[in-house]
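Colleague: I would like to learn how to read helix packing and cavities in a model. Where should we start?

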Amino acid sequence: MAGQLNPNLLLVVPLAPLAGSAIAGLFGTKFFGNLIGRKASHSVTILGVLVAFVISFMTLLDVMNGATYNGTIYNWMTVGGVKLEIGFLVDSLTAMMMCVVTFVSLMVHIYTIGYMEEDEGYNRFFSYISLFTFSMLMLVMSNNFLQLFFGWEAVGLVSYLLIGFWYTKQTAVFANMKAFLVNRVGDFGFILGIGLLLAYAGSMNYAEVFAKRTELAGLTLAGSDWMLLTVACICLFIGAMGKSAQFPLHVWLPDSMEGPTPISALIHAATMVTAGIFMVTRMSPLFELSDTALSFMLIIGSITALFMGFLGIIQNDIKRVVAYSTLSQLGYMTVALGASAYQVAVFHLMTHAFFKALLFLGAGSVIIGMHHDQDIRNMGGLRKYMPITWLTSLLGSLALIGTPFFSGFYSKDSIIEAVHNTHIVGAGFANFAVLAGVFVTAFYSFRMYFLVFHGKERFGHAHAHGHDEHHGDDPHDDHAHHGLAPGEKPHETPLVVTLPLILLAIPSVVIGYLAIEPMLYGDFFNNVVFVGENHHAMAEMKEEFHGALAMALHGFTSIPFFLALAGVVLSYYCYMVNPKVPAWFYARFHGIHTLLDNKYYMDKFNDVVIARGARLLGRTFWTIGDRALIDGLFVNGSAKLVGWFSTIVRHLQSGYIYHYAFVMILGVLAFLVYFMPFPSFAR
């Protein structure tokens, strides 16, 4: 029944993981002398996330019955009529995100017990991932831009700590700094967008800003003829480009694989990288008033979906293959946003969270079984040694490529259909990109699957791959031994690792079938997501939808299915039947391979142009501003002025009494002359 949610109960959702993080971080580390052990640390953090998940699930049920909440929890201050406050907006969008974040986080917490059991930073890691969960929950539950920005920056800060968790590894330190700096670029645009809305709407509360959207739509940016909402929305989306790793601000995400594998699942499946998708969906009342901003998102998402997928084809690190898959799927979500299919974008966000977390944790299970060797060229035939990991990874891969009846099929095909029905600028290229991306995704996903779980066993003997280029997911120094010793065989990981795989595999298969009708064509997002009357993609899709079963059956006759099937068959032929084919392509198209291997030279461009330009600019400011003005003029100049004045004044300090007496007499005389009244000669 309809009503208002209990704010005190909602407050427990973010505070429970925060409490667990504080206990493990303070009393489980050297900070307070490691007063509690490992078991207590992981127990209290898992309990905190479990409590958050249970309440989130209860909240979702209440929201589906019509209950909502939008109110202030704490009023921090009021500045010039602008309220700075902590508040919650809990509707169907928020409740769904709360469940996804807490469930995936819970699976990662449980998985971490087995994955990090030998790591010295065990308690610190649990503290970090619980703090990350708290930050993401504050972001998705916010009802104002201030709290949104707090959560936005908090997940960025904790991701910095997590990516560089093994701070003795130079590559990890470089990767977390890269992620931090690239996200600061996006966040600069984000705060500009918030500032514009605050300046013109006079409020930071979502509801108050949305209420003025028609008025804002008629305004132009001061001193220009640019539409205010177009500029503000593009600035907001630039923030999303950083967090959700859209081209060209995507470069941090593949390098973030230097962090432990549980973090790869947590950051890149359901939390940090989806923050941008959630934010744009929440801001749909504003974005719907700017076709320019929608076209911008559509084109950027299309580039990311297709060209990041190409990079996944040549990766040999198992985690990086999944990472580039994440980039590509985030591009799909952004394309859906640009097509005004916000419900579809969030639907794919949800389904992707489950099967991508499954794939990352499955990759981690393989890494454990392979003694921290991550190079897929050193694997093969793991199916018979790791049956649970094999089966769950297969299910995750089938969901990823959009196999009918799997969760990824319903969301991915809906994106393709939405793009096909949209007519804004860039729709033609987007339609090509999402269709071509289906083939590319199937090819690189099953390339990894076949090389890891099938074919010839390539482990347990001396090999040339991996040790000279990547040193594995391990906290030790770069010269540590990785891989199985001669004669050693892989083994299935313990239950604490495989149980999360099984639990994530279930929604990866069934959640799409169960949720597509209420989320896309029902009342789930009523009064939450706004679509303009001139954008008809969702309306046309609703007319063509005849149920989840009919959609899946029709999927077997659709173009995306045959493209995905072609990708799987081709990868099987190239890597299982005739391995000479990839070698031939490498020799024949070496230039393209070099381009992909260098990631389109984006890192080199950033280093040569952006970083070198920043260093040149910094050197200029240092030379002119710091050395010449501050040190030269103000510091040294003032010192020289005082010294010059002192050299003159010191001559008056002779040390002779008669000199001082003479000066005193002159002073008295001057005093008398100045104050002595002169007689008037006026008649």
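Modeller: With one pair of helices. H14 and H19 are therefore roughly parallel to each other, since an angle under 35 degrees counts as roughly parallel and theirs is about 25 degrees. Bear in mind that this is a predicted model.

Colleague: Which numbers describe a packed pair in general, and how far apart are the axes of H14 and H19?

Modeller: Two packed helices are described by the angle between their axes and the distance between the axes. Here H14 covers residues 291-313, H19 covers residues 427-453, and their axes lie 8 Å apart. The crossing is left-handed. On the H14 side, the contact residues include Leu298, Ile299, Ile303, Leu306, Phe307 and Phe310. H19 contributes, among them, Phe429, Phe432, Val440, Phe443, Tyr444 and Arg447. Sorted by class, the contact of H14 with H19 has 16 nonpolar, four polar and one charged residues.

Colleague: What is the angle between H16 and H20?

Modeller: Roughly 165 degrees, and the axes of H16 and H20 (residues 495-521) come within 9 Å. An angle over 145 degrees counts as roughly antiparallel, so H16 and H20 are roughly antiparallel to each other. The crossing of H16 with H20 is left-handed. In this contact there are 20 nonpolar and six polar residues, and no charged ones.

Colleague: How do H15 and H18 lie to each other?

Modeller: They are oblique to each other, because their angle of about 45 degrees falls outside the ranges for roughly parallel, antiparallel and perpendicular. The axes of H15 and H18 (residues 407-421) are 9 Å apart, and H15 passes H18 in a left-handed crossing. The contact involves Gln329, Tyr332, Met333, Val335 and Ala336 of H15, with Lys412, Ile415 and Val419 on H18. By class, these residues of H15 and H18 divide into six nonpolar, one polar and one charged.

Colleague: Now the empty space. How many cavities of 30 Å³ or more does the structure hold?

Modeller: The general idea comes before the count. Rolling a probe the size of a water molecule over the atoms shows where empty space is left. In this structure there are four cavities of 30 Å³ or more, and the largest has a volume of about 90 Å³.

Colleague: Which helices supply at least two residues each to the lining of the largest cavity?

Modeller: H15 (318-338), H16 (342-369), H17 (387-400) and H19. The lining residues include Ile318, Val322, Leu359, Val366, Ser393, Ser397, Met448 and Phe453. By class, the lining of the largest cavity has nine nonpolar and three polar residues, with no charged ones.

Colleague: Last, the backbone. Is the peptide bond from Phe247 to Pro248 cis or trans?

Modeller: That bond is cis, with omega near 0 degrees. Pro248 sits in the loop between H9 (228-243) and H10 (252-255).

Colleague: And what is phi of His372?

Modeller: Phi of His372 is near 70 degrees, a positive value in a residue other than glycine. His372 belongs to the loop between H16 and H17.

Terms used
Residues are numbered from 1 along each chain as its sequence is written. This is a predicted model: local features need pLDDT of at least 70, side-chain atom pairs count only at pLDDT 80 or more; totals for chains, interfaces and linings use all residues. Side-chain values use heavy atoms; hydrogens and water are left out. Axes are lines fitted to C-alpha atoms, for helices over the stretch in contact, and angles run from 0 to 180 degrees between N-to-C directions. Helices (H or I, at least four residues) and strands (E, at least two) are DSSP runs, numbered from the N terminus. Angles under 35 degrees count as roughly parallel, over 145 as roughly antiparallel, 65 to 115 as roughly perpendicular and the rest as oblique. A crossing is left-handed if the near helix is turned anticlockwise from the far one by less than a right angle, and right-handed if clockwise. Contact means heavy atoms within 4.5 Å. Ala, Val, Leu, Ile, Met, Phe, Trp, Tyr, Cys and Pro count as nonpolar, Asp, Glu, Lys and Arg as charged, and the others, Gly among them, as polar. On a 1 Å grid over the protein atoms alone, a cavity is a set of points where a 1.4 Å probe fits but cannot get out, and a pocket is an open set with protein on both sides within 12 Å along at least five of seven lines; lining residues have an atom within 4 Å of a point. Grid points are joined across faces, edges and corners, and a volume is the space filled by probe spheres set on the points.
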